[in-house]
Amino acid sequence: MFQGKVQSARIVGEGVEIQPGFVLRELVVELQEIEYRQNEPLRAKAGSFHATLDDTALRSYLTGLLPPIRSPWNLVVSHLSNLQVRSRAGEVKLSIDVHTRLGLKLSGELMGQIRLRESTKVWFEASEVRVVGLSVPERVRDLLSELFLNRPLIDLSEVKAPIRVDRVAIGDGVLLFEGTILVDRLAELMAG
């Protein structure tokens with residue numbers, strides 16, 4: 001029906017689920033120098049995106065990924081609950097209730113930064129761990145990090161969209177993602 005060229009296009013989405021349980025508050029995709037022809041895939045010369053993930057959506061996503069309590073921790077800990085997430089000025093704070101086999105409930109907090117690896121994986125690096133409000137020694141923090149944070153906080157490698165995440169930052173109540181649209185892969189996806 002239509003064919004020709006467009007200098008640029010901007011697509012804005014709200015509440016975009018990019019993988020099961022992972023819902024972005026906002027996703028903005030920008031494409032430049034777009035060519036479209038009838039019965040052919042859309043082509044673009046370049047593309048970029050930026051997205052926001054708020055603390056509520058991150059909490060919901062992470063709650064679904066809480067790891068099972070493995071040995072030797074399962075001798076002491078029965079389960080984890082009430083995960084909370086707070087993002088502020090370059091730091092993420094994760095709070096969780098730890099229920100012991102003796103019926104005690106302890107509150108734990110992890111404060112740290114996020115790091116992007118392999119353009120699809122966001123890792124949490126704990127800078128401080130507190131149990132019942134007291135900071136634990138560095139060796140204990142490192143042990144807990146190795147046991148519970150030995151995988152990405154967010155793994156986008158299964159996302160079907162042809163993207164490369166270039167930067168992740170922490171804002172007030174949100175994580176901010178910026179990246180590139182892989183326009184060659186976009187054309188391939190639209191053709192198939």
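Arg167 and Glu178 form a salt bridge in which the closest N and O atoms are 3.4 Å apart; the term denotes a side-chain nitrogen of Lys or Arg within 4 Å of a carboxyl oxygen of Asp or Glu. The pair links distant parts of the chain, Arg167 belonging to strand E10 (residues 163–170) and Glu178 to strand E11, 11 residues apart. Strands (E, at least two residues) and helices (H or I, at least four) are DSSP runs numbered from the N terminus. Arg167 is partly exposed at 42% relative accessibility, and Glu178 is partly exposed at 36%. Here buried means under 20% relative accessible area, exposed over 50%, and partly exposed in between, with a 1.4 Å probe and protein chains only.

The model is predicted: local features need pLDDT of at least 70, side-chain atom pairs count only at pLDDT 80 or more, and totals for chains, interfaces and linings use all residues. Residues are numbered from 1 along each chain as its sequence is written, and side-chain values use heavy atoms, with hydrogens and water left out.

## Salt bridges

The whole structure contains 10 salt bridges. Side chains of opposite charge can pair when their charged atoms come close. Three of the pairs are listed below.

| Pair | N to O distance |
|---|---|
| Glu118 and Lys121 | 3.0 Å |
| Arg130 and Glu128 | 3.0 Å |
| Arg167 and Glu178 | 3.4 Å |

Glu118 is exposed at 59% relative accessibility, whereas its partner Lys121 is buried at 18%. In the pair of Arg130 and Glu128, both residues are partly exposed: Arg130 has a relative accessibility of 29% and Glu128 one of 24%. Through shared partners, salt bridges join Lys93, Glu109, Glu128 and Arg130 into one network.

## Nonpolar core and surface patch

In soluble globular proteins, nonpolar side chains tend to be buried together. The largest nonpolar core of this model has 43 residues, and the members touching the most others are Leu53, Ile114, Phe124, Ile154, Leu175 and Phe177. Strand E2 (residues 22–36) supplies the largest share of this core, six residues. Such a core is a set of buried Ala, Val, Leu, Ile, Met, Phe, Trp, Tyr and Cys residues joined through side-chain atoms within 4.5 Å.

Beyond its neighbours within four places in sequence, Leu53 is in contact (heavy atoms within 4.5 Å) with residues including Phe22, Leu24, Ile154, Leu175 and Phe177. Thr52 lies in strand E3 (residues 43–54) and is buried, with a relative accessible area of 13%. Not counting residues up to four places away in sequence, Thr52 touches Leu24, Arg25, Glu26, Leu175 and Leu176.

Nonpolar side chains also appear at the surface, where Leu102, Leu104, Leu106, Val132 and Leu134 make a patch of about 520 Å². Patches consist of residues with over 30% relative accessible area and no salt bridge, like charges being joined within 9 Å and nonpolar side chains (Val, Leu, Ile, Met, Phe, Trp, Tyr) within 5 Å. Accessible areas come from the Shrake-Rupley method with a 1.4 Å probe; for residues, only the protein chains shown count as cover. One of the patch members, Leu102, is exposed at 78% relative accessible area and lies in the loop between strand E5 (91–100) and strand E6 (105–117).

## Helix H3

Val183, Leu186 and Ala187 are buried residues of helix H3 (residues 183–191). Seen down the helix axis, the buried residues of H3 fall within an arc of 100°, so they line one face of the helix; the arc is that of the directions from the axis to the C-beta atoms. Asp184 and Glu188 are exposed on the other side of H3. The cover over the buried residues of H3 includes E2, E3 and strand E11 (174–181).

Ala191 also lies in H3 and is exposed at 55% relative accessibility. The C-alpha atom of Ala191 is separated by 9.1 Å from that of Asn39, although the two residues are 152 residues apart along the chain.

## Positive phi values

Most residues other than glycine have a negative phi. Glu33, in strand E2, has a positive phi near 50° and is partly exposed at 42% relative accessibility. Asn82, in strand E4 (residues 77–88), has a positive phi of about 55° and is partly exposed at 45%.
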